[in-house]
Amino acid sequence: MTSGQWWIVALSGQLAPGKTLAVVCDGREVALFRDANGTAFALEDRCPHRRVLLSPGQVRPGGLQCPYHGWTFDGASGRCTDIPNLRRDEKIPPAMAQAYPVGELNGFIHVYAGGAAVQGTLPGVSYRPAGREYTGSAVVPIAFDDYLDVMLDGPECLVDFPGVTITDFFLGDPRRDGRHLLLDRGAVWQGRGPGPAFVRDHPLLVRARVPLSGGDIVMALLDAAERPLVTLFIAATAGRRGTTSLVWRGFAHAHAHMGPPGWRLRRLAGAPPFTVRTALDGRAIAALVAAPSRERRTGAASGIDEEKECLHAQR
Ligand code: FES
């Protein structure tokens, strides 16, 4: 569990006014709800009275009402605002649900977990969709840190660009970009052979942008001139019981009409230009050699400026 961090926990469209949504944020169970004015709130998904889940409750004018005895909790402060059947001589006790700061921007609902002072930018700000979007959410059976590592060591285990084979060859070492690591991997169109011997001659690149801390991942499919064909933003956070919760958004760029016929036909048919894998191949993941991910684990990215050519057989 991390302290003092904004996490994307849901897409704005997943939470309608007057509705609740159970999510997990950095391992914490959180009840999201949106009031009638459209403001989103986040409370620990446990009632402070008898510890039942709050997320199945009802959104009321005073906040979120627990489904068990009907206490209502203010979304901003967590303060109890109403108890049904309270006698005139009784007062509302100072029961407090744990409230988390919420930042909703650019179609993402962010929750701040840990730390007393709220700081840092919202990770969803950087995403700029341009074209028809494809979105989704899932819980995947892999621990959060391992999910980030596999995105560097074997992204083909986690994502797929239909019609494209992501190779085992990566270009240079991971390089530091702020609090992220960037790694380019060679890719080829399927059905067109294994590709050139040197990764810098590959017709495609898959660029992974993986955080050292936090959960905002960007996977981009680039052409040989490094123009983006597909951008995929994946927000990950530690889920319950060793799982990882994901939400994602992505799109194909306007010039992504290039490529082999199968790729163009898929685009014309409106098929998603990527797949976020949710049924993971544990055997393939276990076989990956931990190479680029070592940089992330230690947080000691090499920050290489000059491009080095490496051919690393990962398996
Ligand atoms: S358990 Fe929530 S009000 Fe009693």
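**Exercise 1. Find what the side chain of Arg240 pairs with, and place both partners.**

Step 1. In this predicted model, the side chains of Arg240 and Glu29 meet in a salt bridge, 3.3 Å from N to O. A salt bridge here is a side-chain nitrogen of Lys or Arg within 4 Å of a carboxyl oxygen of Asp or Glu.

Step 2. Place the partners. Arg240 sits in the loop between strand S18 (228-238) and strand S19 (244-252), and Glu29 in strand S3, so the pair ties together parts that are 211 residues apart in sequence. Strands (E, at least two residues) and helices (H or I, at least four) are DSSP runs, numbered from the N terminus.

Step 3. Check accessibility. Arg240 is partly exposed at 39% relative accessibility. Glu29 is partly exposed too, at 25%. The cut-offs: buried is under 20% relative accessible area, exposed is over 50%, and partly exposed is in between (1.4 Å probe, protein chains only).

A note on the ground rules. Residues are numbered from 1 along each chain as its sequence is written, and side-chain values use heavy atoms, with hydrogens and water left out. Because the model is predicted, local features need pLDDT of at least 70 and side-chain atom pairs count only at pLDDT 80 or more, while totals for chains, interfaces and linings use all residues.

**Exercise 2. Describe the contact between domain 1 and domain 2.**

Step 1. Set the bounds. Domain 1 covers 5-113 and domain 2 covers 128-304. These bounds come from an automatic or database domain assignment.

Step 2. Count the residues in contact. Domain 1 gives 15 residues and domain 2 gives 19. Contact means heavy atoms within 4.5 Å.

Step 3. Take the area. The two domains bury about 1,200 Å² between them, with 59% of it on carbon and sulfur atoms. Buried area is the accessible area (1.4 Å probe) that two parts lose on being put together, summed over both.

Step 4. Count the polar links. Between domain 1 and domain 2 there is 1 salt bridge. Across the interface, 5 residue pairs are in polar contact, both residues at pLDDT 80 or more. A polar contact is a pair of N or O atoms within 3.5 Å; within protein, one must be able to donate a hydrogen and the other to accept it, and residues adjacent in sequence count only if both atoms are side-chain atoms.

Step 5. Name the elements. On the side of domain 1 that touches domain 2, strand S1 (5-11) and S2 give two or more residues. S1 gives the most there, with 6 residues.

**Exercise 3. Work through two further salt bridges.**

Step 1. Start with Arg249 and Glu133. Their side chains meet in a salt bridge of 2.9 Å, N to O. Arg249 lies in strand S19 and Glu133 in strand S12 (residues 133-140), so the pair ties together parts 116 residues apart in sequence. Arg249 is buried at 8%, whereas Glu133 is partly exposed at 29%.

Step 2. Go on to Asp216 and Arg179. The closest N and O atoms of this salt bridge are 3.2 Å apart. Asp216 is in strand S17 (residues 216-223), and Arg179 is in the loop between strand S14 (164-177) and strand S15 (180-189), 37 residues away. Asp216 is buried at 6%; Arg179 is partly exposed at 31%.

Step 3. Look for shared partners. Arg175, Asp184, Arg207 and Glu226 are joined into one network by salt bridges that share partners.

**Exercise 4. Decide whether helix H1 is enclosed or open, then follow its link to Ser293.**

Step 1. Of the 10 residues of H1 (residues 144-153), 8 are buried, so the helix is largely enclosed by the rest of the structure. The buried residues include Phe144, Tyr147 and Asp153.

Step 2. Turn to Ser293, in helix H4 (residues 293-298). Ser293 is buried at 2% relative accessibility.

Step 3. Join the two. The side chains of Ser293 and Asp153 share a polar contact of 2.6 Å. Beyond its neighbours within four places in sequence, Ser293 is in contact with Asp149, Leu152 and Asp153.

**Exercise 5. Compare the settings of Asp26 and Asn85.**

Step 1. Recall the background. Most residues other than glycine have a negative phi.

Step 2. Read the angles. Phi is near 50 degrees at Asp26 and about 60 degrees at Asn85.

Step 3. Locate them. Asp26 lies in the loop between strand S2 (20-25) and strand S3 (28-34). Asn85 lies in the loop between strand S8 (80-82) and strand S9 (99-100).

Step 4. Check accessibility. Asp26 is buried at 3%; Asn85 is exposed at 77%.
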